[in-house]
Every structure is written in structure tokens, then in C-alpha cells.
Amino acid sequence: MRFADVSLSYGKYGTFEGMVDANTSSSDGQVGLRLNGLATDTDSFRDDKEGSMRAVNPALQWRPNADTRVGLSFEDVQSRVAPDSGVPL
């Protein structure tokens with residue numbers, strides 16, 4: 001089964017988000033590949049609260065025979081967000 005889904009959005013305060021989810025496999029079903037990705041950026045409505053995130057997650061699956069399945073996946077996430085600190089009153 002093959003599919004691809006791409007989503008893009010833009011909002012107030014320079015907020016942007018892009019996502020991708022794609023999947024493909026060989027005609028015999030022995031090899032499959034899936035890719036997920038995410039990118040976000042925001043200037044935020046608050047001072048010093050700009051942020052961004054990038055993530056990618058590819059996955060590969062191989063079925064050499066009916067009884068064996070080998071999977072390999074990787075995930076990389078980079079987040080740059082200024083967290084809030086302290087207790088609000």
C-alpha cells in the first residue's frame with residue numbers, strides 16, 4: 001500500500017507547521033518504507049518565547065520469508081523552546 005499526506009499551516013505570530021507522512025512498499029510486500037516528518041516555528045505572542053521543532057522518523061521493514069521480519073527505525077528530534085519557570089501567582 002502506498003500513500004502520502006502533507007500538511008502545511010500558517011497562523012498568527014509567525015506560526016508555521018509542516019508535516020509529512022509517506023509510505024511505500026515493494027510489489028511483493030517484502031520491503032516497506034515509511035517516513036514521518038515535522039517542522040514548526042513560532043514567534044509567539046509573548047516576549048522571549050519564540051520556538052521551533054524539527055523531527056524526522058524513517059522506518060524500514062524487510063520480510064525475507066513468512067516467519068522473519070526485520071525492522072529498522074530512527075528518530076531525530078530537535079526542539080528549541082524557551083520554557084516558563086517559576087510558579088505563577
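This report walks through the surface patches, the salt bridges and a few single residues of the structure above. The model is predicted, so every value here is computed from it.

**Two salt bridges**

Let us begin with the charged pairs. How many salt bridges does the count come to? The count comes to two salt bridges. One of them is formed by the side chains of Arg34 and Asp21, at 2.7 Å from N to O. Arg34 belongs to strand 3 and Asp21 to strand 2, so this pair ties together parts of the chain that lie 13 residues apart in sequence. The side chains of Asp21 and Arg34 are also listed as a polar contact, again at 2.7 Å.

The other bridge joins Arg54 and Asp41, whose closest N and O atoms are 3.0 Å apart. Here too the pair links distant parts of the chain, with Arg54 in strand 4, Asp41 in strand 3 and their positions 13 residues apart.

Are the partners buried or exposed? Asp21 counts as buried because its relative accessibility is 18%, which is under the 20% cut-off. Its partner Arg34 has a relative accessible area of 35% and is partly exposed. In the other bridge, Arg54 is partly exposed at 34% relative accessibility, and Asp41 is partly exposed at 28%. The table puts the four side by side.

| Residue | Relative accessibility | Class |
|---|---|---|
| Asp21 | 18% | buried |
| Arg34 | 35% | partly exposed |
| Arg54 | 34% | partly exposed |
| Asp41 | 28% | partly exposed |

**A nonpolar patch on the surface**

Next comes a patch of another character. Which residues make the nonpolar surface patch of about 780 Å²? Val6, Leu8, Tyr10, Phe16, Val20, Leu35, Val56 and Phe74 make it. Strand 1 (3-11) and strand 2 (15-25) each supply at least two of these residues, and strand 1 gives the most, with three.

Val56, one of the patch members, is found in strand 4. At 32% relative accessibility Val56 is partly exposed, and this value satisfies the patch requirement of over 30%.

Val20, another member of the patch, can also be placed relative to Ala4. The C-alpha atoms of Ala4 and Val20 are separated by 7.4 Å, although the two residues are 16 apart along the chain. Ala4 sits in strand 1 and counts as exposed because its relative accessibility is 64%, which is over the 50% cut-off.

**A negative patch**

The surface also carries a patch of negative charge, where Asp43, Asp47, Asp48 and Glu50 gather. Glu50 is in the loop between strand 3 (31-42) and strand 4 (51-65). With a relative accessibility of 41%, Glu50 counts as partly exposed.

**A positive phi in a loop**

One backbone angle is worth a look as you turn the model. Where does Tyr13 lie? Tyr13 lies in the loop between strand 1 and strand 2. Its phi is near 60°, a positive value in a residue other than glycine. For context, most residues other than glycine have a negative phi.

**Strand by strand**

To close, here is a short route through the model. In strand 1 you can find Ala4, and in strand 2 you can find Asp21. The loop between these strands holds Tyr13. Further along, the loop between strand 3 and strand 4 holds Glu50, and strand 4 itself contains Val56.

Conventions. Residues numbered from 1 in each chain as written. Predicted model: local features only at pLDDT ≥ 70, side-chain atom pairs only at ≥ 80, totals over all residues. Heavy atoms only, no water. Patch = residues over 30% accessible without salt bridge, like charges linked within 9 Å, V, L, I, M, F, W, Y side chains within 5 Å. Areas by Shrake-Rupley, 256 points an atom, 1.4 Å probe, with all protein chains shown as cover. Salt bridge = Lys/Arg side-chain N within 4 Å of Asp/Glu carboxyl O. Lys, Arg positive; Asp, Glu negative; His and termini not counted. Charge placed at Lys NZ, Arg CZ, Asp CG, Glu CD. Helix = DSSP H or I, 4+ residues; strand = E, 2+ residues; numbered from the N terminus. Buried < 20%, exposed > 50% of the residue type's maximum accessible area, 1.4 Å probe, protein only. Polar contact = N/O pair within 3.5 Å; in protein donor to acceptor, adjacent residues only side chain to side chain.
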